[in-house]
Amino acid sequence: VQLQAFGGGSVQAGGSLRLSCAVSGSFESYVMGWFRQAPGKEREFVAAIGWGRASTYYVDSVKGRCTISRDSAKNTVYLQMNSLKPEDTAVYYCAADATRLSATTTPMYWGQGTQVTVSS
């Protein structure tokens with residue numbers, strides 16, 4: 001499985017970005033998600049989406065502002081981020097796992113990061 005993330009950029013606070021992660025391989029076999037790592041901080045879980053009817057999970061700090069979705073026809077997972085804050089500034093990583101993605105698990109697969117910078 002290979003993951004390729006893109007869509008990062010620089011925005012002002014309150015702005016929006018949509019991150020995309022293109023997946024090669026058995027897309028429907030994996031739980032998909034996003035993590036992020038801010039300068040000087042550990043990588044943290046942001047959001048995940050399951051198989052089938054696609055249950056979604058978010059870290060509290062992005063609930064209500066971010067939406068994760070997946071498009072099986074395009075083998076792509078998205079993270080729509082609205083009302084961005086300076087504290088959302090980080091490198092965002094796409095991830096995949098056969099069973100679960102959360103703050104306490106290590107994904108089977110990582111994509112390269114994409115930088116998101118939010119200025120105040």
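Which residue in β6 is the bridge partner of Ala48? It's Tyr57. Keep that pair in mind, since it sits in a sheet worth walking through strand by strand. One thing up front: what you're looking at is a predicted model.

**The sheet**

The sheet is an open one, built from 6 strands with mixed pairing. Reading across, the order goes β2-β10-β9-β4-β5-β6. At the edges you'll find β2 (9-12) and β6 (56-58), each pairing on one side only. From one strand to the next, the twist averages 25°.

Here are three of the pairings, with a pair of partner residues for each.

| Strands | Sense | Bridges | Partner residues |
|---|---|---|---|
| β4 and β9 | antiparallel | 7 bridges | Phe35 and Tyr93 |
| β4 and β5 | antiparallel | 5 bridges | Gly33 and Ala48 |
| β5 and β6 | antiparallel | 3 bridges | Ala48 and Tyr57 |

Let's start with β4, which covers residues 31-37. On one side β4 pairs with β9 (residues 90-97), and there Phe35 has Tyr93 as its bridge partner. β4 also pairs with β5, where Gly33 stands opposite Ala48.

β4 and β5 form a hairpin, with 6 residues between them. Look in the turn for Gly40: its phi is positive, at about 75°.

Now for β5 itself, residues 44-49. This strand is mostly covered, with 5 of its 6 residues buried. Ala48 turns up twice here: it faces Gly33 of β4 and is also the bridge partner of Tyr57 in β6.

**The cysteines**

How many disulfides does the structure hold? Just 1. It joins Cys21 to Cys94, with an S to S distance of 2.0 Å. The two ends come from distant parts of the chain: Cys21 belongs to strand β3 (residues 17-24) and Cys94 to strand β9, 73 residues apart. Both Cys21 and Cys94 are buried. As for handedness, the torsion about their S-S bond is about -85°, so this disulfide is left-handed.

That leaves Cys66 to look at. Why is the sulfur of Cys66 not in a bond with the closest cysteine sulfur? The closest one is in Cys94, and at 14 Å that's too far for a bond. Is Cys66 buried or exposed? Its relative accessibility is 7%, so Cys66 counts as buried.

**Putting it together**

If you're tracing this on screen, try β9 as a landmark. It pairs with β4 over 7 bridges, and it also carries Cys94, the residue that the disulfide joins to Cys21.

Technical notes. Residues are numbered from 1 along each chain as its sequence is written. This is a predicted model: local features need pLDDT of at least 70, side-chain atom pairs count only at pLDDT 80 or more; totals for chains, interfaces and linings use all residues. Side-chain values use heavy atoms; hydrogens and water are left out. Two strands pair if DSSP finds at least two bridges between them. Helices (H or I, at least four residues) and strands (E, at least two) are DSSP runs, numbered from the N terminus. Axes are lines fitted to C-alpha atoms, for helices over the stretch in contact, and angles run from 0 to 180 degrees between N-to-C directions. Buried means under 20% relative accessible area, exposed over 50%, partly exposed in between (1.4 Å probe, protein chains only). A disulfide is a pair of cysteine sulfur atoms within 2.5 Å.
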